[in-house]
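Work through the exercises below on aromatic rings and the charges around them. Try each task before reading its solution.

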Amino acid sequence: MAGDGPRNVTVVEAVKGLAENPALPPDMVFRLLARPRALQAVAERPDLTDAMVTEIIGRDDRWQVHALALNPWLCHRFRMVLARHRDPGIRAAVIVGGDGRTCPETPRDAGRRLFETLIDDPAREVRETLARTEGVPADLRARLAADPEPQIRVMLARWWAQAPANVRDVLLGDPDEKVRSAAFCAYFSHLDLDEPLIDLLARDPDSEVRAGLAARPDLPDPMLSVLTRDPSPVVRLAVFARPDTPEAVRAAIHADITENAPTLDDLIAADDGYGLVFEYLQADSALSTLRPAWVTAEAERHVDSPYPCFRAAAARSTALPIQAVRKLLDDPDEQVRITMVHTAPHLVDAERAERIERAHHWDRHSMWWEYEPVLTHPAETLRRFAVDAEPRLRAMACDDPDLSADLAVALAKDPEASVRAAVAGHRSLPTPNLIALLGDDCEHVVHAAAASPHLPVDEMDRLLVAAGL
């Protein structure tokens, strides 16, 4: 019965959960707004009324208003109010939050009006955000190529790969070396290579510039040979990724990067200002996510590649024969399997899907109380998961909308907090058991229970009263 649950709730977490509860009545949202320490989650709700938004802006708590500025459901007229806020971080957040298209009365040119208001903002943070934002109209964004701050121009080059020719020319000829380097990296494909330019780029101290040069398909063989021996693994990785690199060279580069990949301890102990150690770390990270388009285009040839990144690139192809698909779904490397799953989920049978799910590595140091499934599983599989020895699979059983009440009750009493948190919002969990989770020893479980849309309104009220609201 509602109200009979234990009262030893973790009030702070319960209030945070209520702030996210989609079923929280409007009057209780206002009560949350009266909380002395403002809640960011309230400002992130999609159902904020004009009165609520006005209240949040009026209270002027920095972090809550910042969260409001990021809210994609915020109407344009309020976004324009925040675009004139005294805090540059909030003005920058308005850009990230979008142009308010979800608001019915938003004018068609709302985005442009917002960007026009901010394009000459005195704060560098705001102009940097504009430089990174794809939705800024080209004529407005081009004005940043003449920005007095070099860092703004660097950001523009790095983030605007499709800049028009006049902007590219300005940035490539910029008086600041860092801006020119960023522009060279971004616009290599638009440059005509000649000997003086090749020589200039090959001697550039920035390894990213040399890596960009190494990736050029029209690079003369003598210079490619020089860059193959470059001391930077970042440059040699660009050689590795070329389609014309000899296999012996490719294998040597791959072995060097993977065998010399540093640990965090190596980085801390580095005595070269992180230079080469950091570059190895950077190259190893880039190698794990490398997916050359030419490999995907010739996918069938690379299904048995010795390089996991090439097999993952092959797994992006939608033209592979079914046997190749199955081979990649059973690949020993998880990134290859997951890539193939995302490319062809319709070709993954239930038995293979369960095998992939069971083999999935989950980093328990990050968001340990939430488990995202790799695949969508049929109800019969999810019901077996409910009694599995693996906590991650038991938590996943809660994805079954028709989970029985008996199983829901059992999961709510599970020894693993992650499982109890997963079932807290399930519609099959009886009300007394949901209320009991408000007294759980784990804050994440309390939070999840308070956020459940099935929590009775009188229990929501009881939690607010316990918090002094």
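**Exercise 1.** Find the ring under the charged end of R62 and give the distance to its centre.

*Solution.* Start with the criterion: NZ of Lys or CZ of Arg must lie within 6 Å of the ring centre and within 35 degrees of the ring normal. The charged end of R62 sits over the ring of W63, 4.4 Å from the centre. Next, take R250: it lies over the face of F240, 5.9 Å from the ring centre.

This is a predicted model, where local features need pLDDT of at least 70, side-chain atom pairs count only at pLDDT 80 or more, and totals for chains, interfaces and linings use all residues. Residues are numbered from 1 along each chain as its sequence is written, and side-chain values use heavy atoms, with hydrogens and water left out.

**Exercise 2.** Classify the pair W294 and F310, then place both residues.

*Solution.* Rings of Phe, Tyr and Trp (its six-membered ring) pair if their centres lie within 6.5 Å; planes under 30 degrees apart are stacked, over 60 edge-to-face, the rest tilted. The whole structure holds four aromatic pairs. W294 and F310 are 5.5 Å apart centre to centre, with 80° between the planes: edge-to-face. W294 belongs to helix α21 (residues 293-297) and F310 to helix α22 (residues 308-314), so the pair ties together parts 16 residues apart in sequence. Helices here are DSSP runs (H or I, at least four residues), numbered from the N terminus.

**Exercise 3.** Are Y307 and F310 buried or exposed?

*Solution.* Buried means under 20% relative accessible area, exposed over 50%, partly exposed in between (1.4 Å probe, protein chains only). Y307 has 6% relative accessibility, so it counts as buried. F310 has 2%, so F310 is buried too.

Methods. Helix = DSSP H or I, 4+ residues; strand = E, 2+ residues; numbered from the N terminus.
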